[in-house]
Amino acid sequence: MEIARLIVIGLVVAVSVVYYRRVAGGPSSPRKAARRAEALGFLPQSAQNTLYSASDAELEQAARAAATRGNWEPAARLLARTREQRDWARRSHYANVFGTHRAAQPGSWLDAWEESAGPDDPDAALVRARATVSLAWHLRGGGWAKDTSREQVSGFIGTLTQAPRLNAHALKVNPDGDPSPYISEIWTALGLNHPHERMHRIWEEVTARDPHHFGAHSAALQYWCAKWHGSENLAASFAREAAAKAPAGRLLAALPLIAWYEHRDSAAKGDDFREPYVFDMVDAALADVSAAPPDHPDVPAVRHLLAYFLTRQNRCAEALQQFRLVDGYVNALPWRYYDDPAAVYCLWRDRAVAGVRTL
């Protein structure tokens, strides 16, 4: 879960038009690039899925069954499988997908699941904890603190204060080695302004269970960012240390890129993306993705980020390799920080197409 920046999409479009006039020539170039992208097999903006970061037919079917028909059994089967296989990365990913703010609403499919399975069902408890945190952040909205109303803050705090009890219950009924309940606790700590000492205690519990869990590290990195309870230096240090300790294929090499994006992107110029150390971070993340299992649930999230950075570095052919592997699904950083993620995704994808054409 990321906090939306609410960047005005019109400004992005305007900048993109200037780019296309320079690179591809003429005011109609954005439309030409979009048509060229579709001719190359990429999907149009209207076909981009904003709920997922990549294709997962079984997951999508289960989510639709829960959302539209109140059929919780497919979701329960998926989560039970991750528990039995001790696949914590996928378990956390599924908890995020199913634990939306809508699941926490009264009368939802999650209510039916809990009524049928009982209060100590580990999978329902995990989704309930995650959904409550999601609902709290939904009530807050994605604006900066100065733009958040008193009513939004009241709903946010009132809901989020329920989360520690639900997180503790999920921890109690879930397997000892599962770090997933602590990821909800990280987001709770962020929203309730828990001090660094408390965050350190949460983190010790996470790493004792799974020291290189990508989802947990991504959540913790948000806590250490300057916009929340840390600073650019704290976030960068956390990211570098985690990346240095992780075995190849655990995807934590992407963390320094995320930290850089969180603190630099909004003010960065084109040349900033082409600094040698930024190239090094991108190359490290590329190598990490190559070493990861192809079905790792967080690989698509890193590919989206790489596609953006590679385009900014004018490595457009490499960017298109990443875009091809995630096209059609845009719920990932950086696109999801915008009001219209599909539009922003397609703008940058089409820039990569135009850049390859001019090589």
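Which residue lies over the face of Trp-348, and at what distance from the ring centre? In this predicted model, the residue over the face of Trp-348 is Arg-351, at 3.9 Å from the ring centre.

Trp-348 also belongs to an aromatic cluster, which it forms together with Trp-260, Tyr-261, Phe-273, Tyr-308, Phe-309, Phe-323, Trp-335, Tyr-337 and Tyr-345. Across the whole structure, a search finds 21 aromatic pairs. One pair, Trp-137 with Trp-228, has ring centres 5.5 Å apart and planes at 85°, and because planes over 60 degrees apart count as edge-to-face, the pair is given that description. These two residues link distant parts of the chain, since Trp-137 sits in helix H7 (residues 122–140), while Trp-228 is found in the loop between helix H12 (214–224) and helix H13 (232–245), 91 residues apart.

The cysteines can be considered next. A disulfide is a covalent bond between the sulfur atoms of two cysteines, and a search of the whole structure finds 0 disulfides. For Cys-316, the closest cysteine sulfur is that of Cys-346, at 16 Å, which is too far for a bond, because a disulfide needs the two sulfur atoms within 2.5 Å.

The table below gives the relative accessible area of three residues discussed here or related to them.

| Residue | Relative accessible area | Class |
|---|---|---|
| Trp-137 | 5% | buried |
| Cys-225 | 1% | buried |
| Cys-316 | 5% | buried |

Trp-137, at 5%, counts as buried because the class covers values under 20% relative accessible area, and by this cut-off Cys-225, at 1%, is buried as well.

How values were computed: Residues numbered from 1 in each chain as written. Predicted model: local features only at pLDDT ≥ 70, side-chain atom pairs only at ≥ 80, totals over all residues. Heavy atoms only, no water. Phe/Tyr/Trp six-rings, centres within 6.5 Å; stacked < 30°, edge-to-face > 60°. Helix = DSSP H or I, 4+ residues; strand = E, 2+ residues; numbered from the N terminus. Buried < 20%, exposed > 50% of the residue type's maximum accessible area, 1.4 Å probe, protein only. Lys NZ or Arg CZ within 6 Å of the ring centre and 35° of its normal.
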